[in-house]
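Biologist: I am new to this model and would welcome a close look at a single part of it, the barrel and the charged pairs around it.

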Amino acid sequence: MGMGFRRIFIGGIAGLCLWTAAASAQDGPTGFIHTKGRALVDQTGEAFHVRGIGLGNWLMPEGYMFKFKTAKSPRAISALIETLVGREDAARFWELFRDRYVARDDMELIKRSGLNTVRVPLHYGLFLGQHDPWGADSDQAVTFEGPGWALLDRLIGWCREAGLKVIIDLHAAPGGQTGVNHDDGTGFPLVFYVPRDRKRTTALWREIARRYRDDPVVLGYELLNEPISTYNDEDVLNPQLEPFYRELTAAVREVDPNHIVFLASPQWGQNISVFGAPFAPNLVYIYHEFWSTTGRDAIQDYINFSTVYQAPVLLGEAGEANDPWNQAFRLLNERFGFGWSFWAYKNLDTPTAMVSVLPPQGWDKIVALGSMADPSLEAAGLSRAEAKAILWRYLDAISLGNAHVNPCYIQSLGGSDGRRTVQCPAAAP
C-alpha cells in the first residue's frame with residue numbers, strides 16, 4: 001500500500017459520500033461534457049474518452065523545443081530573438097510564428113489521426129494587458145488584452161469545424177506556479193506567495209470562463225500546469241495547493257457552471273496524494289508521466305485515488321520516449337479508464353512528436369546563440385541579415401506542409417493519418 005493510497009484511504013468514506021452527493025446534482029447541460037463517477041459523459045450519458053495531444057510551444061514557447069540549452073524560458077527566448085533581429089522584426093517573427101505553428105490544417109490532421117481533444121498551453125502575458133509582452137514587473141491594474149484572445153478564439157473555431165474538444169491549460173501563471181523555466185517565472189512559484197500574482201491569476205481564470213462559458217467545444221479549464229516542482233518548499237506549498245484550487249474554481253463557477261475544471265497534481269504532476277475528496281462537481285484530476293515503466297505499478301496511486309473517490313483521472317502529459325512506450329502506456333491507461341493527452345503535437349527534428357519540424361539551413365547557428373551564457377551576434381559569427389534569413393526559413397519550416405508527419409507516433413496512439421500504411425514497432429506484451 002503506497003503513501004498516496006494511505007492518504008486517500010483515511011478520508012475515503014467521507015469523501016465518497018461528498019462526491020456522490022455533488023455528482024448527483026450535476027445534470028450535464030446540453031452540448032457539454034461532464035463527469036459521472038470515474039467517467040466523462042456527454043448529455044446523453046454516452047462516455048467520452050479523452051484522446052488528446054498537447055499544442056506545446058505555440059502560445060507558451062519552451063527553449064528545448066528550439067534546441068536551446070540556455071534560452072529556455074519564454075522571456076529568454078523573446079530576448080534572444082530581439083538580439084538577433086531587433087525589436088520590430090522580433091514582433092513580426094512572433095506574429096508569423098503564432099500564425100504558422102498551429103493552423104487549420106494542423107487541427108484537421110489531429111482529427112484525421114483519430115484524436116478528439118487538443119490541450120492548449122497558455123502564457124498569461126498574451127492575455128493580460130502589460131507593457132512587457134511576457135508580463136514582467138508590471139503593477140498596472142488587471143486588463144484583459146493581448147494577441148492570445150484572438151488566437152485562442154481562432155483555434156476554437158478550427159476545432160469546432162474539425163470536431164475536436166479543447167482543454168485550456170494555464171502553463172505560465174502570473175509569478176509562476178512551478179518554479180522552473182517553463183512557467184516563465186523567477187525560479188520560484190511566486191503565485192503562492194505574492195498577492196498581486198494570485199489576484200491576477202484568479203481574475204484571468206474568471207475572464208476565460210466568462211468568455212467561453214457557453215461554448216461546448218471547450219472541454220474545460222486546467223487551472224495550473226505542474227504546480228510546485230520538487231525544487232521548492234513542498235512541505236510548505238503542497239498544503240496550499242488545494243485551497244488555491246478552491247479559490248480558482250469558485251471564480252470560474254461565478255460565471256460558468258458548465259465546464260469541467262481540471263486539477264493538476266504537484267511535483268511534475270505525480271503527487272496526487274495532496275488531494276482530498278473532490279470539493280465540487282465536475283472536477284477531473286490530472287497526472288503526468290514520462291519515461292516510467294508501463295506496468296500497473298506506474299499508475300497505482302492514480303487508480304487508488306480514482307477508485308476511492310469515484311473521480312475521473314486524466315493523463316495530461318506523457319511521451320517523449322519512443323513509439324512502443326507510447327503504445328504500452330496508452331493501453332495501460334485505457335485499461336483502467338483513464339483518458340490521455342500526449343506531449344507534444346509538434347517539435348523540432350524529433351521522432352517523439354506527431355509532427356517533426358525540419359531544421360532550416362543555418363539553424364545550428366541560432367542554436368549555438370541560444371545555448372550561450374551571454375549571447376551576441378558577434379559571438380555567434382552572425383550578421384543581423386543572416387540571422388533574419390535563418391529565422392524566416394524556420395518560419396517556413398514550421399508550417400505543416402513543410403514538416404514531417406511521424407506515422408508511427410500516430411499509430412502508437414491508436415490512430416492513422418489516413419494517407420499511408422507503414423510497419424511500426426509494436427509495444428512489448
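In which order do the eight strands close into a barrel, and is the pairing parallel or antiparallel?

Modeller: This is a predicted model, in which local features need pLDDT of at least 70 and side-chain atom pairs pLDDT 80 or more, while totals for chains, interfaces and linings use all residues. Residues are numbered from 1 along each chain as its sequence is written, and side-chain values use heavy atoms, without hydrogens and water.

The barrel closes in the order β3-β4-β5-β6-β7-β8-β9-β10, with parallel pairing (strands are DSSP runs of E, at least two residues, and helices of H or I, at least four, numbered from the N terminus; a pair needs at least two DSSP bridges). On average, neighbouring strands are turned by 30° against each other, direction ignored (axes are fitted to C-alpha atoms, with angles from 0 to 180 degrees between N-to-C directions). Five bridges join β8, residues 283–289, to β9, residues 313–318; Tyr285 there faces Val313 of β9.

Within the barrel, Arg119 and Glu222 form a salt bridge, with their closest N and O atoms 2.7 Å apart (a side-chain nitrogen of Lys or Arg within 4 Å of a carboxyl oxygen of Asp or Glu). Because Glu222 belongs to β6 and Arg119 to β4, this contact ties together parts 103 residues apart in sequence. Both Arg119 and Glu222 are buried (under 20% relative accessible area with a 1.4 Å probe, protein chains only; over 50% is exposed, and partly exposed lies in between).

Among the helices, Arg198 and Glu247 also meet in a salt bridge, at 2.9 Å from N to O. That pair links α6 to α7, 49 residues apart. Shared partners, moreover, join Arg119, Asp169, Glu222 and Glu317 into one network of salt bridges.
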